[in-house]
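Work through these exercises with the structure open beside you. Try each task before you read its solution.

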Amino acid sequence: MAVKVLSDYILQVPFLELQATFKDAVIATDWLRHNNTDLIFLDIHLPKLKGMAFLKTLTHPPAIIITTAYHQYAVEGFNLNVTDYLLKPFEFERFLIAVNKVRGTRTEKEKPNESGKIKDFIFLNAERKKVKILFSEIVYIESQREYIRIVTTRREYISKMSTHEIEDLLPVNLFKRIHRSFIISMSKIESYTAEIVEVNGVSIPIGRGYRDIIENL
């Protein structure tokens with residue numbers, strides 16, 4: 001029933017395209033080995049492999065929107081940087097809010113300004129105001145539950161968003177995720193091993209699923 005509701009909702013949104021549906025996370029895992037997608041609607045209660053366990057197996061997960069009838073999984077979901085959490089039964093309006101979060105972060109990525117140049121900064125909500133942060137000053141970004149900590153060469157900022165949301169706002173040629181909880185500025189790398197990267201004197205761990213990113217520098 002939930003699959004049919006989601007399918008109907010997706011058909012009503014012009015910028016969404018339904019690629020596939022699965023009732024088994026193991027089959028979905030095999031599909032993802034050969035296909036790319038920007039967004040997964042993930043149910044918590046699945047046979048064989050539960051939704052949260054499936055999410056933890058993804059080394060480079062796309063945007064994730066959790067759909068479940070159980071509110072107690074919300075904290076764990078946001079700790080895993082899901083974009084949103086839809087509590088069943090949900091109306092189309094609530095569904096649209098969730099997918100617009102995904103679309104909003106992607107359409108801002110490397111968006112040219114009025115002069116035609118690529119933006120070299122972002123404005124983030126921090127300290128109850130919009131704060132301008134230059135890409136050139138960012139050292140690294142760390143996930144802290146439903147917040148992120150942005151460490152720059154001048155100071156630190158705390159903003160209520162996920163690392164997936166901030167990652168979609170950053171130029172892909174300047175920043176790389178090297179751990180589920182860390183995104184670093186490539187220009188700030190001083191040295192690295194198979195386990196850690198040093199940026200501006202700070203040691204950042206490399207996640208097992210992200211080591212190929214460093215190896216391909």
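**Exercise 1. The sheet**

Task: Find the order of the five strands in the open sheet, and say how they pair.

Solution: This model is predicted. Step one: read across the sheet. The order is β8-β7-β6-β10-β9, and the pairing is antiparallel. In general, strands of a sheet pair through backbone hydrogen bonds.

Step two: look for the edges. Strands β8 (156-159) and β9 (175-179) each pair on one side only, which marks them as the edge strands. Step three: check the turn between neighbours. On average, neighbouring strands are rotated by 20° against each other, with direction ignored.

Step four: zoom in on one pair. β6 and β7 run antiparallel and are joined by six bridges. Take I141: its bridge partner in β7 is I150.

**Exercise 2. The core**

Task: Which residues have the most contacts inside the largest nonpolar core?

Solution: Step one: size up the core. It has 17 residues, and I166 and L170 have the most contacts inside it. Step two: ask which strands feed it. β4 (121-126), β5 (129-134), β6 (138-144) and β7 (147-152) each supply at least two residues. β4 gives the most, with three residues.

Step three: follow I166. Setting aside residues up to four places away in sequence, I166 touches I122, L124, I141, I148, M161 and I183. I141 also appeared in Exercise 1, with I150 as its bridge partner.

**Exercise 3. A helix with two faces**

Task: Work out where the buried residues of helix α2 sit around its axis.

Solution: Step one: list them. In α2 (residues 25-34), A25, A28 and T29 are buried. Step two: use the arc. These residues cover only 105° around the axis, so they lie on the same side of α2. The general rule helps here: an α-helix has 3.6 residues a turn, so residues three or four places apart point the same way.

Step three: find what the buried residues meet. They pack against α3 (51-57). Step four: turn to the face pointing away from the buried side. It carries the exposed residues R33 and H34.

Step five: inspect the N-terminal end. D24 caps it, with a side-chain oxygen 2.7 Å from the backbone nitrogen of V26.

**Exercise 4. A loop residue**

Task: Is I206 buried or exposed?

Solution: Step one: locate it. I206 lies in the loop between β13 (202-205) and α7 (211-215). Step two: apply the cut-off. Buried means under 20% relative accessible area. I206 has 7% relative accessibility, so I206 counts as buried.

Step three: check its surroundings. Beyond its neighbours within four places in sequence, I206 contacts several residues, among them I178, T193, V197 and I214. I206 and T193 are 13 residues apart in sequence, and their C-alpha atoms are 8.9 Å apart.

Notes:
Residues are numbered from 1 along each chain as its sequence is written. This is a predicted model: local features need pLDDT of at least 70, side-chain atom pairs count only at pLDDT 80 or more; totals for chains, interfaces and linings use all residues. Side-chain values use heavy atoms; hydrogens and water are left out. A nonpolar core is a set of buried Ala, Val, Leu, Ile, Met, Phe, Trp, Tyr and Cys residues joined through side-chain atoms within 4.5 Å. Buried means under 20% relative accessible area, exposed over 50%, partly exposed in between (1.4 Å probe, protein chains only). Helices (H or I, at least four residues) and strands (E, at least two) are DSSP runs, numbered from the N terminus. Contact means heavy atoms within 4.5 Å. Two strands pair if DSSP finds at least two bridges between them. Axes are lines fitted to C-alpha atoms, for helices over the stretch in contact, and angles run from 0 to 180 degrees between N-to-C directions. The arc is that of the directions from the helix axis to the C-beta atoms. A polar contact is a pair of N or O atoms within 3.5 Å; within protein, one must be able to donate a hydrogen and the other to accept it, and residues adjacent in sequence count only if both atoms are side-chain atoms.
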